[in-house]
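This report looks at helix packing in one protein chain. The sequence and structure are shown first.

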Amino acid sequence: MSESEKRAAGPSIAEARTRLGALEGREYWRSLEELLETEDFREHLHREFRVPIDSGVNRREILTLMGASIALAGLTGCTRQPTEKIFPYVTPPEELVPGVPLFYATAHVHGGYARGILAKSYEGRPIKIEGNELHPASLGGTDVFAQGFLLNMYDPDRSQTLTERGRIRPWSSFLAAVRLALEKERPARGAGLRFLTGTVTSPTLQKQIAGVLTEFPEAKWVAWEPAGRDNVYEGARLAFGEAVEPRHAFGAADVILSLEADFLGSGPAMPRAVRDFASRRRGENPNRLYVVEATPSLTGARADHRRPMSPAEIEAFARAVAVATGAIASAAPTDPFVEAVAADLKAHRGSGLVLAGESQPPPVHALAHAINQALGNSGKTVTYSEPVAGGPVNQAAALGELARDMELGRVSTLVIVDGNPVFNAPADLQFGKAMGNVGLRIHLGLYDDETSRLCHWHVAAAHPLEAWSDARAYDGTVTILQPLIAPLFGGKSSHELLAAFSNQPEKSGHDLVKEAWSGKLPGADPDLAWRRALHDGLVEGSALPAKAVRVRPDFTSEARPAAPDAGLTLLLRPDPTIWDGTYANNGWLQELAKPLTKLTWDNAALVAPATAQKLGLTTEDVVELSVGGRKVAAPVWVMPGQAENCVTVHFGYGRTRGGRVANGKGFDAYGLRTSTGLWAASGLAVDKTLRRAALATTQHQYAMEGRDPVRAVTVDAYRKDPGVVARLGEAVPGPTDTLYPKLPTGSYAWGLSIDLASCVGCNACVIACQSENNIPVVGKDQVARGRALQWIRIDRYYKGGLDDPETVHQPVTCMHCENAPCEVVCPVNATVHSAEGLNQMVYNRCVGTRYCSNNCPYKVRRFNFFLYTDYTTEILKLVRNPDVTVRSRGVMEKCSYCVQRINRARYDAERENRPIRDGEIVTACQQACPAEAIVFGNVSDPEARVSKAKAQPRDYGLLTELGTRPRTTYLASLSNPNPTLAPASRAEEKKNG
Amino acid sequence: MAQIFHRSTNTISRVSVFGAVFFVAALGWLFDALNRSPYTTQQGVARVQPVQFSHQHHVGAMGIDCRYCHTSVEKAAYANIPPTKTCMNCHSQIWTQSPELEPVRESWRSGRSIEWVKVYDLPDYVYFNHSIHVAKGVGCETCHGRIDKMPLVSQHPTLQMSWCLDCHRAPEKYLRPREDVFTMGYVPAGAQQEIGERLRAEYRIRPSFELTDCTTCHR
């Protein structure tokens, strides 16, 4: 009987529930497959790298090859070094010392909002992104997109030239074409001229567009961001009568209620929000987070109390909390959860915070504003300012109007500035078809994509690291974006494109941005002010001032609760790793396991276990989703914690002209997205097909069989008895209970501490590590075989029932065991211990026996089964860190504690004849972490931050009962449940299940 | 029955059996010798450069300090091959018509780099850092030889790992005071072992078991 037949529909989820009830000796589980002990799961557990059985080579051939290999081994040592050349500068650039990196402050603009970054550059080539500590949206942290967007710059699939109907043209002929078009538009005062941009927070671009609109008063500016903030502004308009931008102070909030607001996973303030939130999770003065949401998110995973609810239930819930907190007057039925949340919010007047997510309809936002005002939170944990972005407030409405105008032939010139509306506009607008009626279509973009195919002119865009620009952060703070490198393919920035429509078409991006800021920067000396803004990565005092707003007394009459849906609801969300499709051609982000599903290279239709049971679906069944006559085939993913009767799909996949990495991956969920159902649509039909899809997930790879590697306790329990964390594990052998020889003690003892109470599982460390350590991408097929190479993995554990489990994330890297099991089994001494406690990997010695990985209890070693690194594509060589060896086929690799950074700090210290200071070495993962969950340092120095972290009673090591003495240890996760609601769902689940 | 083989066959077979052992050993020796020979290591092989730049003239005769050209030797991993600008500092004034210097002037005019041939070429998995060696009292001469006597530079040591380890295992054999790092023809003012041990303590050079850790040079 085949595996698929065995898993055929229904009973498996019921069986999983039974097995979950009978789970003995441990609380945490990783996946349904683990509970069911499927063949696939067992295979990964016992044969971690899954060697293909049908390798196409027979026994004789293998013997021949082995014989030849032995005979020819050693001959590789006979190669002479080829003659290499040195190309020194003719005139050396100022400040540049070859081999010493320079850091430039700039910003990563995501969804229109800037997050401050420092780009690390070697000899003029950016190779790594780090957070900018001065920038309010970063404070030193980054997210996966900021770490990953660097790879897009070196993407060989980027469009490399300016084309008109596919023919290469010089910039001058483009300018001439624009002149001609403008002259035609002039008599009608630009009535047929349209500009379509993403969300624009750039003051320079806003000024440029305003300039064009003054000259052509009838022209229109339309902005479209697929994961836009229309609902936020419409909600504010409903509550206050005007569109304002709410700004949240998570650090100041004691009680937070999130109405599906995923502020820890996405959102304009993402790195900063995580930093502020995590600062209140470490034990002292803990905050409490309630989350109601339809589909599991990173914010939900960190919640002290989470309830899966359908969109209609969320609105009813928000209304009930508003009633219970006195924000609106109405009689509504209450339940204990509403009562408890409302009581908690009322007990923390002025330090509570209610916020609603972008996916929530305007009334929910309005209710959140009303509750905040009623409880005196406004002005304290939440403040308001003018919208940070310019352009139309309701983007969906503006885009709809544009599509209608195009259909009616009212648009003669359409300029698409860095967008892909043919792919990502709501399906009902039929944007691509409507574009056919436009006389002249111009597209600026990084890729020759779905939209550029339908445009006359395609202008290759400059990557944000190649061009001058500016952008505002969530609070309005302006960063001036500076280029790190001249455009690799001669691309143009959006400013240079817009200049073509002004009377200064040849002006450079630098001059345009500098001119827009002349006289506006703080400080007496304009040149100094400009340099200072560039150096700091922000313009001092440019944050938007707070604005006092009052909730309109009559807003409740406008907010009608929607009738609860019968049947299934479709939910549409941006993908957690490739976002709205912008990063679809980015191998790092494609291969990054999604934080909750641990899926790679694909999207899926997320279905709650109970719904799957009802519909007879299992993971990997292909279903046809149809809503409003639109149909898309999608593989099912049974998602614990998903709201019943809600099916979530992530948009961004299903690209047809996205590039070699993007094309053909996943399904196009935009096909189901309409302008009336941007985030949710009712009346979904799910039809099971006979097909099954193969999804590559890492969730049951690298399992530590039958153990509880994560420890989580409540703050109260920990306060009462700090020893509780240690007792959760088994007895640890003493330092002398070993047969291993004692190693010499070096000048330093490197160690790492990871705080699970702070970690939100955002994956920023994974991409930072991949970028820093030249880790190649292996592809979907290899990931499915357990051969992904990332040196950090984030394990996701569930606790409790299938329908609403608690979630804990745990980053796992090489533990650098003091008694390392890998070292003793290596036949060629390729992995050895350093005096400072590093478990070193010597690639040149490695012959690929993989014994070390077999013997590693943590499953953190990665093997190069093939030549995964691209040795031939020239441009990809530029993205690699020159400080780290590029690995070839047949060698093992793993986390090195960023030894290149240790050595760099050591050189700096030793040149000055002093010891390395605490905090001088920052590993790539630590630098990227927005939650400050990772601390690296010298554990032999009791004053070091890492030693202080490890001295806490909630410090524990993974599988320390084996006597490995890992140098990487964890701080147990803490939760702060509401005593009136505790104990959490486990007991209820047993009752119900 | 007559013997098929002559008695001498015994000797031949003995000789060939033992001979095979020696032959394999000789082959091993040959391979090893080849591996250590200048044919493989390029030790002592003068390289033809686009400009026949003479260190003997510039360092030995004129006494220009190493750091005038190799500017980052105290700051970075690379000592830095000087930019054309450095050559032109003097050669825009002197020897301005010399045909020998035409590639330099050509580079200056066109803005294209002079393509020097790398003499000290370490494998890509070795991360050597000049600045730390200079700071710890390893003289230029220790690795690069009497540069002041080389008309064309050739590689002084074998650059094989055993040569690196020789010093990393016992740096005191080679250390000199920091002020003599750039001196050519340095002679220790006493017993090298004694001076070396004193400097090793003074410069806080790490113990050899740390200096020979793999990650000291490989990452």
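Which residues are buried in α12(A)?

## Helix α12

The model is predicted. In α12(A), the buried residues are A:Pro311, A:Ile314, A:Glu315, A:Phe317, A:Ala318, A:Arg319, A:Ala320, A:Val321, A:Ala322 and A:Val323. With 10 of its 14 residues buried, α12(A) is mostly covered. The buried residues of α12(A) pack against two helices and several strands of chain A by name: α13 (336–347) and α14, along with β11 (255–259), β12 (288–293), β21 (568–574) and β27 (680–692).

Helix α12 of chain A runs over residues 311–324. From first C-alpha to last, α12(A) reaches 20 Å, close to the 20 Å expected at 1.5 Å a residue. Just after α12(A), A:Gly326 has a positive phi of about 80°.

## Crossing of α9 and α14

Helix α14, against which buried residues of α12(A) pack, also meets α9(A). Two packed helices are described by the angle between their axes and the distance between the axes. For α9 (residues 230–240) and α14 (residues 362–374) of chain A, the axes come within 7 Å and cross at roughly 55°. At that angle α9(A) is oblique to α14(A). The crossing of α9(A) past α14(A) is right-handed.

## Residues at the contact

On the α9(A) side, the contact involves A:Asn231, A:Val232, A:Glu234, A:Gly235, A:Ala236, A:Leu238, A:Ala239 and A:Phe240. They meet A:Pro362, A:Pro363, A:Val364, A:His365, A:Ala366, A:His369 and A:Ala370 in α14(A). The residues of this contact comprise 10 nonpolar, 4 polar and 1 charged.

Methods:
Residues numbered from 1 in each chain as written. Chains lettered and ligands numbered in written order. Predicted model: local features only at pLDDT ≥ 70, side-chain atom pairs only at ≥ 80, totals over all residues. Axes fitted to C-alpha atoms, helices over the stretch in contact; angles between N-to-C directions. Helix = DSSP H or I, 4+ residues; strand = E, 2+ residues; numbered from the N terminus. Parallel < 35°, antiparallel > 145°, perpendicular 65-115°, else oblique. Left-handed = near helix turned anticlockwise from the far one by under 90°. Contact = placed C-beta atoms within 7 Å. Nonpolar A, V, L, I, M, F, W, Y, C, P; charged D, E, K, R; others polar. Expected span 1.5 Å × (residues − 1). Buried ≥ 20, exposed ≤ 12 C-beta atoms within 10 Å, placed from the backbone.
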